[in-house]
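Hi,

Here is the structure I said I would pass on to you. Have a look at it first, and then read my notes underneath.

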Amino acid sequence: QINGVQQTTAATKAATDFITSDFHTKKIKRWLCPPDPSTNANHARELRHEGTGAWLLEQNQIFQEWHLGSRRHLWLNGLAGCGKTILSTTVLDHLARRDDRLILSFFFDFSDTIKRTLDGMLRSLAFQLYQGGPGSAGLLDASFQVHRDGRDQPGTKTLEDIVCKMLVVQKKVFIVLDALDESTTRGELLLWMKHVVPLDGVQLICTSRPEPEFVRKIPSLISEGNCLALDKESVN
């Protein structure tokens, strides 16, 4: 009987902890209002034809070296309409099939105001880390308390610091960023990337059009050899 009572008590506590945790997660979500990258990814999946991106995943040595970790960062660049967003989603699905490590994503999007800025990206990444990286959740909880239990909003600089600290706690993280050129805060975004690139355990892959600002700065940030122009014949 005592064993039965103990088991019931343990089960009740587990259920209570889960409800409390779920309620707190919802409070964190209301506080951050994080943009949801899955809407972009799902739309891209609907448009994708079977086999699209196989030339990158299965035949491209640079991508395979990035996936295995011998290359830390990768920039895929190509002109408008060459399928970068569909390719980003293909990479996401490829990573999800073969890896148990945390995968973060964000799709910059001209058509959605909150998905155009560094601030929006940071809110999304912070919440993804909160949900997927239990070791780093306490950092966001602490910031929530500092901001009067969510009554005050964190500034962009605060979000940068929190996300960087949360990334440091994770041993291995993939970050997929799509359409950097659709960001309205490119300078801030490039500066953030400069701080993230040196972090151990972070493997970043990003896509954009080869616009002058990115052509000038990204190769020096991640090295020329990690910049891959999307080959028109392969895409076709």
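Below is what I found, going from the sheet to a helix pair and then to the pockets.

Before anything else: this is a predicted model, so please read everything here with that in mind.

**The sheet**

There is an open sheet of five strands, and the pairing in it is parallel. Going across, the order is β2-β3-β4-β1-β5. Which strands stand at the edges? They are β2 and β5 (227-229), and each has a single partner strand, so one side of each has no neighbour in the sheet. From one strand to the next, the twist averages 15 degrees.

If you zoom in on the β2 edge, you'll see β2 running parallel to β3 (residues 173-178), with six bridges joining the two. A handy landmark there is leucine 104, which sits opposite isoleucine 175 of β3. Helix α6 packs on the sheet here and touches both β2 and β3. The direction of α6 makes about 160 degrees with that of β2.

**A helix pair**

Next, have a look at α9 (residues 186-196) and α10 (residues 212-222). Their axes are 11 Å apart, and the helices pack at an angle of about 5 degrees. Angles under 35 degrees count as roughly parallel, and that is why α9 and α10 get that label. On the α9 side, the contact is made by Arg186, Gly187, Leu190, Met193 and Lys194. Glu213, Phe214, Lys217, Ile218 and Leu221 make it from the α10 side. By type, the residues of this contact are five nonpolar, one polar and four charged.

**The pockets**

I guess this is the part you'll want to open up in your own tools. The largest pocket holds about 300 Å³ of space. Its lining is made of 20 residues, and those nearest the centre are Lys84, Thr85, Ile86, Asp178 and Glu182. Two elements give two or more residues to that lining, namely α2 (38-47) and α5 (84-98). The largest share comes from α2, with four residues. Sorted by type, the lining has eight nonpolar, six polar and six charged residues.

How about the second largest pocket? Its volume is about 250 Å³. Here 17 residues form the lining, with Asp36, Pro37, Ser38, Ser105 and Gln128 nearest the centre. At least two lining residues come from each of α2, α5, β2 (102-107) and α6 (118-132). So β2 and α6 turn up again here, after their contact at the sheet. The split by type for this lining is seven nonpolar, six polar and four charged.

That's the lot from me. Shout if anything in these notes is unclear.

Cheers

Notes:
Residues numbered from 1 in each chain as written. Predicted model: local features only at pLDDT ≥ 70, side-chain atom pairs only at ≥ 80, totals over all residues. Heavy atoms only, no water. 1 Å grid on protein atoms, 1.4 Å probe; cavity = no way out; pocket = protein on both sides within 12 Å on 5 of 7 lines; lining within 4 Å. Points joined across faces, edges and corners; volume = space filled by probe spheres on them. Nonpolar A, V, L, I, M, F, W, Y, C, P; charged D, E, K, R; others polar. Pairing = 2+ DSSP bridges. Axes fitted to C-alpha atoms, helices over the stretch in contact; angles between N-to-C directions. Contact = heavy atoms within 4.5 Å. Parallel < 35°, antiparallel > 145°, perpendicular 65-115°, else oblique.
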